[in-house]
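I opened this model to look at the chains, then at the DNA. My notes follow in the order in which I looked things up.

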Number of protein chains: 2
Amino acid sequence: MISFEKFIMEDGMPIYLQILQYIKRGIIAGTIADGDELPSRRMLSALLGVNPNTVQKAYRMLEDEGLISSHSGAKSYMVLNDETIARVRSQLLEGDAVGIVLSMKQMGLSKAEAIALLEKYWDKEVNP
Amino acid sequence: MISFEKFIMEDGMPIYLQILQYIKRGIIAGTIADGDELPSRRMLSALLGVNPNTVQKAYRMLEDEGLISSHSGAKSYMVLNDETIARVRSQLLEGDAVGIVLSMKQMGLSKAEAIALLEKYWDKEVNP
DNA sequence: CAAACCGTATTACTCATATAATACAGTTAA
DNA sequence: TTAACTGTATTATATGAGTAATACGGTTTG
């Protein structure tokens, strides 16, 4: 069963996208693997304190991307292979890296300063 | 006159927040300084291709934070001192760094891998 | 002074997000 | 078999973001 223990909800980003992102990051991290059972829509919505429809939207998009399999009445499972994992990895890493670089550059930071900043905050506690 | 030449609009984030962020990053970068003249609401909205109300919303929030001065009929100017600049800097840098670290950690990257990723994309072209 | 700007305000509309309350049919396990 | 779960679907509502079209009054400059 996939754990949502480390899920941290932020505002400013649609919840269903945050769920999508969390799953994809787990795939890259290797904490979510092929065949893993997903929590049901109702269970996860209760856990996160959001509406079941919001979870359903996220799951539906994951299914459209071919990352999970859902069948009416049955539980949902991750469907992953090397190709899909590689695709998700490049999508996410590139998107994040580009965003970071854009942000740092707009602030006038040099590459060295950006790296120093990253190192400085790496070991700090992020979770609330 | 503050330039919006390097402003890149992304979707997924409210435009008025992007304007706010762009100004604040300029303050940190030093490209925006005390006394600088801001483009009028109408001019900037035309330049960005957005509604004047969207720009007004961003400017209003900047005024509420004490970063600009607006008087009916007259142009708007940046109002910055060492204290406010330091405040904006810590707000933005910490927020960005924390977000980056959270993202990388959720993907299971090590500090070294995160730095390598940042270096890899630093010199790539970001603009469309 | 008068024209051309400026900031400010109002109302109405569309769209996406998220919630809410159900309902129905398929699967699974006691 | 039946109860307790699943996934799926529908309709309604609320809110925020963004657009659109105006309007009013103050400032600036020729």
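**Entry 1: the two chains**

By what turn and what shift along the axis can chain A be laid on chain B? I noted first that I am working with a predicted model. The turn is 179° and the shift along the axis is 0.1 Å. The RMSD of that superposition is 0.1 Å. I read this as the relation of a two-fold axis. I then looked for the C-alpha of chain A nearest the axis and found that of A:Ile115, 3.1 Å away from it.

Next I listed the elements of chain A. I count five helices and two strands. Starting at the N terminus, their order is α-α-α-β-β-α-α. I also boxed the C-alpha atoms of chain A along the principal axes, and the box is roughly 55 × 35 × 25 Å.

**Entry 2: where the chains meet**

How many residues of chain A are in contact with chain B? I get 37, and they touch 37 residues of chain B. I checked whether the two sides correspond. Of the interface residues of chain A, 100% are also interface residues in chain B, so the copies meet through the same surface.

I then took the area. The two chains bury about 3,800 Å² between them. Carbon and sulfur atoms carry 73% of that. Which three residues supply more of the area that chain A buries than any other three? They are A:Gln106, A:Met107 and A:Trp122, with 21% of what chain A buries against chain B.

I turned to the polar side of the interface. Between chain A and chain B I count 10 residue pairs in polar contact, both residues at pLDDT 80 or more. The rule finds two salt bridges across this interface. One of the two-chain pairs I wrote down is B:Lys111 with A:Asp123, whose side chains meet in a salt bridge at 3.4 Å, N to O.

Which elements of chain A supply at least two residues each to the side that touches chain B? I find H1, helix H4 (82–106) and helix H5 (111–122). H4(A) gives the most, 13 residues. By class, I sort this side of chain A into 21 nonpolar, six polar and 10 charged residues.

**Entry 3: DNA strand C**

I moved to the DNA. There are 26 residues around DNA strand C. Those that come nearest are A:Ile15, A:Tyr16, A:Asn53, B:Arg41 and B:Arg60. So both chains are on my list for this strand.

What share of the atoms of DNA strand C within 4 Å of the protein belongs to sugar or phosphate? It is 62%, and the rest belong to bases.

I went through individual contacts. A:Tyr16 puts a polar side-chain atom 2.7 Å from a phosphate oxygen of DNA strand C. A:Asn51 reaches a phosphate oxygen of the strand with a polar backbone atom, at 2.9 Å. B:Arg42 goes to a base: a polar side-chain atom is 2.7 Å from a base oxygen.

I mapped the surface near DNA strand C onto elements. Helix H1 (15–29) and H3 of chain A, with helix H2 (41–48) and H3 of chain B, give two or more residues each. H3(B) has the largest share, four residues. I sort the residues of this surface into six nonpolar, 13 polar and seven charged.

**Entry 4: DNA strand D**

I repeated the search on the other strand. Around DNA strand D I find 26 residues, of which A:Arg41, A:Arg60, B:Pro14, B:Ile15 and B:Asn53 come nearest. Sugar and phosphate make up 61% of the atoms of DNA strand D that come within 4 Å of the protein.

Which side chain has an N or O atom 2.8 Å from a base oxygen of DNA strand D? It is that of A:Arg42. Two phosphate contacts also went into the notebook. The side chain of B:Tyr16 has an N or O atom 2.8 Å from a phosphate oxygen of DNA strand D. For the side chain of A:Ser76, I read 3.2 Å to a phosphate oxygen.

The elements came last. Helix H2 (41–48) and helix H3 (52–64) of chain A, with helix H1 (15–29) and helix H3 (52–64) of chain B, each supply at least two residues of this surface. H3(A) has the largest share, four residues. By class, I have seven nonpolar, 13 polar and six charged residues near DNA strand D.

Technical notes
Residues are numbered from 1 along each chain as its sequence is written. Chains are lettered from A and ligands numbered from 1 in the order in which they are written. This is a predicted model: local features need pLDDT of at least 70, side-chain atom pairs count only at pLDDT 80 or more; totals for chains, interfaces and linings use all residues. Side-chain values use heavy atoms; hydrogens and water are left out. A polar contact is a pair of N or O atoms within 3.5 Å; within protein, one must be able to donate a hydrogen and the other to accept it, and residues adjacent in sequence count only if both atoms are side-chain atoms. Ala, Val, Leu, Ile, Met, Phe, Trp, Tyr, Cys and Pro count as nonpolar, Asp, Glu, Lys and Arg as charged, and the others, Gly among them, as polar. Copies are superposed by least squares on the C-alpha atoms of residues with pLDDT of at least 70 in both. Contact means heavy atoms within 4.5 Å. Buried area is the accessible area (1.4 Å probe) that two parts lose on being put together, summed over both. A salt bridge is a side-chain nitrogen of Lys or Arg within 4 Å of a carboxyl oxygen of Asp or Glu.
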